[in-house]
Amino acid sequence: MWHETYEEIMKIIISIFRSSFQAASFCMRKEKHNTYILSLDGDTDFHPPAVMLLVDRLMQYPLIGAACGRIHPTGTGPLVWYQKFEYAVSHWLHKTAEHVFGCVLCSPGCFSLFRASAVMDDNVMKRYTTLPTEARHHIQYDQGEDRWLSTLLLQQGWRVEYISAADAYTNAPEGFKEFYNQVGIRKP
């Protein structure tokens, strides 16, 4: 959450409070020894049932290291229309196909649930927190950090799943500056 505005931070806090009590009581009843990490962007809005679908999937299948939901970009304007098309093809179509074939390659950071024991595995966390030393590392580690984490989980034998019924909504950038920021291009 390094690009979010005050309004986006408040939106995420409200969403988390709305779902945290229900999710916490559900997890405590079902599973005492596992912890989950919810990954969200500051402009992501979701309802408790969406999170519960992700929690339920991870609790049912111990080999799943991460589960992601379906993201719906919101807003108006040509750049938003582009992102809606990109999400329709790249996220909904590709993720559904990957899920059917049994290997989702990326659990996006804007709405995913990770099994803490999978993420905290030494072979995952040590490599994930490695600082870039070469030019290619900046692209691999920083620009696609969600894909990099998913790759590390898959390499350790964890599964990544897509739950299309778990809906979340995110504000798509309406201007080029916001879009440029979202893509993750940082100044040195």
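**Exercise 1.** In this predicted model, decide whether arginine 115 is buried or exposed.

*Solution.* Start with the cut-off: a residue is buried when its relative accessible area is under 20%. Next, take the value for arginine 115, which is 3%. Arginine 115 therefore counts as buried.

**Exercise 2.** Find where arginine 115 sits in the secondary structure, and which backbone oxygen lies 2.3 Å from a polar atom of its side chain.

*Solution.* First, locate the residue: arginine 115 belongs to strand E4, which covers residues 111–115. Then look around its side chain: a polar atom there is 2.3 Å from the backbone oxygen of leucine 58.

**Exercise 3.** Work out how many disulfides the model has, and why cysteine 68 and cysteine 110 form no such bond.

*Solution.* Recall that the two sulfur atoms must be within 2.5 Å. Begin with cysteine 68: its closest cysteine sulfur is in cysteine 106, at 7.6 Å, so the distance is too far for a bond. Go on to cysteine 110: its closest cysteine sulfur belongs to cysteine 68 and is 8.9 Å away, again too far for a bond. The count of disulfides is zero. While you are here, check their surroundings: cysteine 68 is buried at 0% relative accessible area, and cysteine 110 is buried at 8%.

**Exercise 4.** Describe the chain as a whole: how many helices and strands does the chain have, and what percentage of its residues count as buried?

*Solution.* Count the elements first: there are eight helices and five strands. Read from the N terminus, their order is α-β-β-α-β-α-β-α-α-α-α-β-α. Finally, turn to burial: 40% of the 188 residues count as buried.

Note on methods: Residues are numbered from 1 along each chain as its sequence is written. This is a predicted model: local features need pLDDT of at least 70, side-chain atom pairs count only at pLDDT 80 or more; totals for chains, interfaces and linings use all residues. Side-chain values use heavy atoms; hydrogens and water are left out. Helices (H or I, at least four residues) and strands (E, at least two) are DSSP runs, numbered from the N terminus. Buried means under 20% relative accessible area, exposed over 50%, partly exposed in between (1.4 Å probe, protein chains only). A polar contact is a pair of N or O atoms within 3.5 Å; within protein, one must be able to donate a hydrogen and the other to accept it, and residues adjacent in sequence count only if both atoms are side-chain atoms.
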